[in-house]
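Thank you all for coming. I would like to walk you through one model this morning, and I will put the sequence and the structure up before I say anything about them.

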Amino acid sequence: MASPTSPRTGRYIIAGLVLLLIVLHHDYWNWDNRNVVFGYIPVTLFYQVCISVGASATWWLATKIAWPAEIVEEAAHAKADEQGGRS
Amino acid sequence: MIVIYIIVGYLALLLFLGLFSSRLFRGTSQDYMLASHSIGPFMLLMSLFGTTMTAFALVGSTGEAFAEGAGVYGMLASSSGIIHSLCFFLLAIKLWTFGKKYGYTTQIQFFRDRLESDKIGLLLFPILVGMVIPYLLIGVMSSGSVINGITEGAFTEYFAEHDYGVPPWLGSLVVSVVVLIYVFFGGMRGTAWANTFQTCVFMILGVVTIYVIADRLGGAQAATDLVLKKNPSKMMRDIAPEDQQRYEDIYARWERLAEYNFATEWGKNEILSETQIAEAYAQFPARMPNWERLAKAAFSAKNRLIELTPAEKNSAHYQQDDRALPEPRPDWWDQRIATHHEMSESPRILGIETEKAFRIYAKNIGHPEELLNPEKPELGKKWTRKRAVGVYKATSWAPDIPHRTDPWLFATYLFIPFSVGMFPHLFQHWLTAKSANSFKLPVVAHPIFIAIVWTPCILIGIWATSAETATGANMFPPHFNPNAVLAVMVKTLTSPVLAGFLAAGVLAAIMSSLDSQFLCLGTMFTEDIAVHYGGKNRFSEKQVIFMARSFIVGIVILTYILSLFEPRRVFTLGVWTFSGFASLFPLIFAALYWKRLTKAGAYAGVLTCAATWFYLFRESNWGDNVKYSVILPIGEGIHTMPVLTIFLASTAAMILVSLITPAPSDATLRKFFPEKRSAG
């Protein structure tokens with residue numbers, strides 16, 4: 001399925017999301033927060049696990065809208081050339 | 001002995017897997033070193049993840065959480081989740097394409113072509129090899145320590161000096177031989193198979209372990225409630241006021257003990273009468289080890305029986321904490337008492353705690369299953385040597401100073417995971433991919449995998465800070481070795497079978513990095529030195545494979561011999577080698593994305609990186625000062641990780657010199673920055 005966004009736009013979106021993740025990673029507001037989530041996970045740990053989940057989601061989106069298709073294509077051509085050369 | 005059987009069974013299974021994978025060997029050097037670019041998405045994910053996660057992911061993460069609290073995940077793990085995948089996305093796919101197109105096997109082959117410089121290989125080779133070797137040594141030595149720790153008391157007559165467990169030299173030897181065999185026969189395919197299997201093992205065991213431990217601690221909620229009650233600072237990255245108060249009380253008690261010990265010359269000249277001693281004991285309710293002396297110290301202080309000058313008090317504190325007295329003495333030495341921070345700047349005398357513990361507790365040391373006194377079973381069992389050292393430290397040394405996570409150190413730690421971009425063993429794994437699309441799964445799943453492995457370990461680490469034994473005492477005394485926390489939790493709270501499996505899991509994490517590193521160094525010696533300088537057409541495929549195998553054998557032997565000297569300082573090198581690799585990230589990034597990067601710019605970047613790294617490493621007292629940071633003169637001074645300075649200096653030198661030197665040739669630019677093919 002073709003992506004609705006152009007690869008260039010997709011890359012800007014992913015770059016923006018990665019920067020956002022890096023900014024959110026610095027959760028100074030949680031420095032002295034000793035609350036717990038689900039009764040046993042420290043907030044500071046839970047928040048950062050959410051950052052990991054967010055990172056996975058961002059990279060999943062990257063495979064959809066920012067995957068370097070031209071590199072993949074280049075590699076496919078190189079492979080075809082290589083096989084053509086052998087035959 | 002069950003533990004030993006499980007470890008032996010696991011190692012045998014691994015050997016079988018490695019040898020079985022060698023049946024698929026196609027007989028070419030490309031197959032031996034790169035598995036003929038045949039690794040699909042799942043195995044690529046598992047082998048990349050297994051290679052980046054060392055023993056630190058299980059043992060170190062638990063230990064760090066025990067020592068520093070829940071904030072460790074943010075500092076060490078979630079940043080890796082973002083940056084590692086970024087490196088895979090930005091670097092791995094492009095490098096895989098070039099590797100496939102131009103037949104590269106090592107990083108140096110790529111840099112030689114891209115920078116139009118043969119000699120860049122001579123500069124990079126010793127730097128890359130030099131930084132991988134400490135990493136290898138840490139793995140080999142850790143495997144011996146893990147096996148020794150988990151098998152304590154397994155023998156009844158042998159290895160008393162190693163607490164009746166498998167000696168570290170033997171454990172390291174067995175692990176090295178097993179890894180050598182499957183890498184030797186299986187090459188990259190064997191390594192990828194073994195890594196996949198081992199990564200499954202340590203991920204599953206991590207989850208099982210936390211489930212069992214949480215259950216034994218009365219449930220996850222009860223375990224966390226205890227931390228909130230006893231060590232709230234471990235739940236966050238700041239110091240809880242009640243922890244600060246508790247520290248101040250304990251430190252004041254410790255000062256009294258130090259001064260009493262000094263005044264009585266460590267008990268040789270008692271200053272209290274028999275009546276006063278009886279009164280002191282009666283007033284002191286706690287009955288922990290060394291309580292008698294604490295009672296007498298408290299009594300003496302309360303009744304002002306000890307009069308010491310500030311200089312004597314300082315000597316008392318430094319000696320009690322086993323620290324070297326400063327030479328020359330500071331100006332204030334005779335006027336006031338050193339603060340705890342000032343005292344901590346003086347290093348502890350190396351190894352003195354072992355010597356003192358063995359002397360003081362000689363009668364208590366023995367086989368951990370024997371009773372201390374068969375007539376008084378309530379006194380418990382004999383102590384291992386490690387326990388004797390632990391008791392000595394807990395009862396003699398000053399409490400740790402509470403500290404918060406420095407926000408700037410936290411922020412600048414983000415640069416460390418960039419090391420993944422320049423690890424030579426990861427580069428080799430990237431080239432094994434079957435297609436560029438094989439990277440999709442590793443890019444997406446890597447951060448989640450980090451969360452799956454690290455979250456249980458962090459929880460176990462923080463629960464350990466407040467866990468109690470059946471008698472209500474703390475399970476872990478002060479100054480307990482953080483790296484032993486996971487093993488003790490598992491041994492104390494679970495069955496020998498799970499302890500055996502966990503040991504196998506930790507070994508899996510260690511070996512899944514060791515194998516890639518051994519193979520990578522063998523490949524680098526073969527391709528970048530022997531074949532490159534010997535002439536590509538001079539050797540047959542069989543000869544190249546023979547050379548690679550010979551180099552691997554040589555590297556394993558050399559690493560093992562070096563590990564026998566127990567260079568404990570190598571552990572302090574860990575973060576420094578990562579900093580070095582991370583600071584070379586700008587080089588590989590520019591080589592792929594910046595046409596203007598020149599040969600001279602690359603040399604300038606690498607040399608600046610090496611020089612800055614060396615300068616800061618020396619400033620940190622060759623890694624001895626584990627809390628060393630570079631202080632930027634902004635405001636009251638901002639503490640930053642050394643990696644920031646090295647990274648920025650190397651980048652600046654690379655860019656500036658590239659801009660003032662001639663651009664690469666058109667042929668090189670066409671080769672590495674090809675025009676896009678037109679559609680159709």
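Before I point at anything, a word on the names: helices, of at least four residues, and strands, of at least two, are DSSP runs numbered from the N terminus. With that numbering, Ala663(B) can be placed in the loop between H26 and helix H27, residues 666–672, of chain B. Please keep in mind throughout that this is a predicted model.

Let me stay with Ala663(B) for a moment. Is it buried, exposed or partly exposed? It has 13 C-beta neighbours inside 10 Å, and because a residue counts as exposed at 12 or fewer and as buried at 20 or more, Ala663(B) counts as partly exposed. Leaving aside residues up to four places away in sequence, Ala663(B) touches Arg596(B) and Thr598(B). Ser563(B), by contrast, is 100 residues from Ala663(B) in sequence and 45 Å from it in space, C-alpha to C-alpha.

Moving back along the chain, we come to helix H26 of chain B, which covers residues 642–660. Its 19 residues, at 1.5 Å a residue, should span 27 Å, and the end C-alpha atoms are 28 Å apart, which agrees. The buried residues of H26(B) include Val643(B), Leu644(B), Ile646(B), Phe647(B), Met654(B) and Val657(B), and also Ser650(B) and Ser658(B). Among the elements that cover these buried residues are helices H23, H24 and H25 of chain B, together with strands E1 and E2.

Between H25 and E1 of chain B there is a loop, and that is where Asn621(B) sits. Asn621(B) has a positive phi of about 60 degrees although it is not a glycine, and with 12 C-beta neighbours inside 10 Å it counts as exposed. Arg304(B), in the loop between helix H12 and H13 of chain B, also has a positive phi, near 50 degrees, and is likewise a residue other than glycine. Arg304(B) is exposed, with 7 other C-beta atoms within 10 Å. In the loop between H13 and helix H14 of chain B lies Pro328(B), which is joined to Glu327(B) by a cis peptide bond with omega at about -10 degrees.

H13 itself brings me to a helix pair. How do H10(B) and H13(B) lie with respect to each other? Their axes come within 8 Å and cross at roughly 105 degrees, and the two helices are therefore roughly perpendicular to each other. On the H10(B) side the contact includes Leu257(B), Ala258(B) and Phe262(B), and on the H13(B) side it includes Lys313(B), Ala316(B) and His317(B). By class, this contact has 4 nonpolar, 5 polar and 4 charged residues.

Stepping back to the whole of chain B, we have 27 helices and 2 strands. The radius of gyration is 28 Å, close to the 26 Å that the globule rule gives for 680 residues, so chain B is as compact as a globular protein of that length. Buried residues make up 50% of the chain, and of the contacts with a separation of 6 or more, 80% are between residues 24 or more positions apart.

Finally, the contact between the chains takes 36 residues from chain A and 44 residues from chain B. Helices H1, H2 and H3 of chain A each give two or more residues to it, with H2(A) giving the most, at 13 residues. The chain A side divides into 21 nonpolar, 10 polar and 5 charged residues.

Definitions and conventions
Residues are numbered from 1 along each chain as its sequence is written. Chains are lettered from A and ligands numbered from 1 in the order in which they are written. This is a predicted model: local features need pLDDT of at least 70, side-chain atom pairs count only at pLDDT 80 or more; totals for chains, interfaces and linings use all residues. The radius of gyration is taken over C-alpha atoms; the globule rule is 2.2 Å times the number of residues to the power 0.38. Two residues are in contact if their C-beta atoms, placed from the backbone, lie within 7 Å. Ala, Val, Leu, Ile, Met, Phe, Trp, Tyr, Cys and Pro count as nonpolar, Asp, Glu, Lys and Arg as charged, and the others, Gly among them, as polar. Axes are lines fitted to C-alpha atoms, for helices over the stretch in contact, and angles run from 0 to 180 degrees between N-to-C directions. Angles under 35 degrees count as roughly parallel, over 145 as roughly antiparallel, 65 to 115 as roughly perpendicular and the rest as oblique. The expected span of a helix is 1.5 Å times one less than its number of residues.
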